[in-house]
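Please open the model in your viewer and switch on the side chains, so that the aromatic rings can be followed one selection at a time.

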Amino acid sequence: MKLFFISDIHGSREDLVYALAKFEDEKADYIIILGDLLYHGPRNPLPRDYNPKEVAELLNKYKNKIIAVRGNCDSEVDQMLLDFPIMSDYAMIVDEGHKLFLTHGHIYNKENLPKGSFDAVIYGHTHLWELCKIDGTTICNTGSVTFPKGGNPPTLAIYENGTIKIFHLNGKLLKQLAI
């Protein structure tokens, strides 16, 4: 199974269009959205091409291909615009024996790992991409497609065959790690 991870869209139509084009190019099975889909949040400036309604419409076209979790900027009002669930704090996927824990990052992250044993914990929230191992668990922060921080480019992640890869939104591979 090939999984395509994005996080922290924050209502930017333009950045979502780039990400969806990459999803189509990659021919991934599912889009995993790790929260903060529509609202830009009170600490962020308005993103370029800010259009939460159009972002919802674009995402709804992929409703059968999306697995999403709630970010700290997501609300019940956002859920009313979306044709797929977003209100869970986490999701779990098992692929070829690899157990993946998916969350936004504001509750569970590398400093506060979830209870249990997982091959990978994958999240966003900080807008800083990271791919490393802690005590045998792969930690992947996908970064942000809209508001990257720390001088980082906009990023996304792809999981396939037990390997996670971080990509610049333009398609350049930044790092990969087997889980």
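Begin by selecting Phe101, which counts as buried at 3% relative accessibility, in a model that is predicted. Burial here takes a relative accessible area under 20%.

Next, add Tyr108, which is partly exposed with a relative accessible area of 23%. The ring centres of Phe101 and Tyr108 lie 5.4 Å apart and their planes meet at 85 degrees, so this pair is edge-to-face, a term that applies to planes over 60 degrees apart.

Keep Tyr108 in view and search the whole structure for aromatic pairs, of which there are six. Another of these joins Tyr90 and Tyr108, whose centres are 6.2 Å apart and whose planes stand at 85 degrees, so that this pair, too, is edge-to-face. Colouring by secondary structure places Tyr90 in strand 4 (residues 90–95) and Tyr108 in the loop between strand 5 (98–103) and strand 6 (120–123), so the pair ties together parts that are 18 residues apart in sequence. Tyr90 itself counts as partly exposed, at 36% relative accessibility.

Which residues form one aromatic cluster? Add Phe118 to the selection, and the cluster can be shown as Tyr90, Phe101, Tyr108 and Phe118.

Finally, clear the selection and pick Lys22 together with Phe167, where the contact involves a charge and a ring: the charged end of Lys22 sits over the ring of Phe167, 4.5 Å from the centre of that ring.

Methods: Residues numbered from 1 in each chain as written. Predicted model: local features only at pLDDT ≥ 70, side-chain atom pairs only at ≥ 80, totals over all residues. Heavy atoms only, no water. Phe/Tyr/Trp six-rings, centres within 6.5 Å; stacked < 30°, edge-to-face > 60°. Helix = DSSP H or I, 4+ residues; strand = E, 2+ residues; numbered from the N terminus. Buried < 20%, exposed > 50% of the residue type's maximum accessible area, 1.4 Å probe, protein only. Lys NZ or Arg CZ within 6 Å of the ring centre and 35° of its normal.
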